[in-house]
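Q: Hi! I have a new structure open and I'd like some help reading it. Can we go through it together?

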Amino acid sequence: MQLFTLSITDLTTFESVPHEEWAEKEDLLEIGARFARSMLAANPDLRHRGMCVAIYDEAGIPVSVMPLDTLQ
């Protein structure tokens with residue numbers, strides 16, 4: 001298991017408060033989708049604004065960037 005950091009971002013100026021989660025790399029799509037659903041439930045104004053779920057490894061290197069709207 002590895003520690004990953006997830007956040008919602010527009011890849012330029014906006015980035016949400018980061019969320020850390022222990023997971024296997026092959027589970028990142030599921031974790032990203034679950035994170036997206038919880039963030040959208042709490043912040044529905046993030047819909048249809050070109051946002052992404054960014055997932056970083058322990059070193060802070062991006063390992064996945066998924067469009068938020070496709071994960072709803």
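A: Happy to! Let's start with a term: a residue counts as buried when its relative accessible area is under 20%. Keep in mind that this is a predicted model.

Q: Okay, so what share of the residues count as buried here?
A: Of the chain's 72 residues, 42% count as buried.

Q: And how many helices and strands are there?
A: The chain has 2 helices and 4 strands. Following the sequence, you meet them in the pattern β-β-α-β-β-α.

Q: Back to the buried part. Which residues touch the most other members of the largest nonpolar core?
A: That core has 16 residues, and those touching the most other members are Leu-6, Ile-8, Phe-35, Leu-46, Val-53, Ile-55 and Leu-68.

Q: Which elements give two or more residues to this core?
A: Strand 1 (2-9), helix 1 (28-42) and strand 3 (52-56) do. The largest share comes from helix 1, with 6 residues.

Q: New topic: what radius of gyration does the chain have?
A: The chain has 11 Å, which agrees with a compact globule, because a globule of 72 residues would have a value near 11 Å. Along the principal axes, the C-alpha atoms fill a box of roughly 35 × 25 × 15 Å.

Q: What about the outside, how much area does the chain expose?
A: About 4,400 Å², and carbon and sulfur atoms supply 55% of that.

Q: Last one: how many positive and negative side chains are there?
A: There are 5 positive and 12 negative ones, and the centres of the two sets lie 8 Å apart.

Conventions
Residues are numbered from 1 along each chain as its sequence is written. This is a predicted model: local features need pLDDT of at least 70, side-chain atom pairs count only at pLDDT 80 or more; totals for chains, interfaces and linings use all residues. Side-chain values use heavy atoms; hydrogens and water are left out. A nonpolar core is a set of buried Ala, Val, Leu, Ile, Met, Phe, Trp, Tyr and Cys residues joined through side-chain atoms within 4.5 Å. Buried means under 20% relative accessible area, exposed over 50%, partly exposed in between (1.4 Å probe, protein chains only). The radius of gyration is taken over C-alpha atoms; the globule rule is 2.2 Å times the number of residues to the power 0.38. Accessible areas come from the Shrake-Rupley method with a 1.4 Å probe; for residues, only the protein chains shown count as cover. Lys and Arg count as positive and Asp and Glu as negative; His and the chain ends are not counted. The place of a charge is taken as NZ of Lys, CZ of Arg, CG of Asp or CD of Glu.
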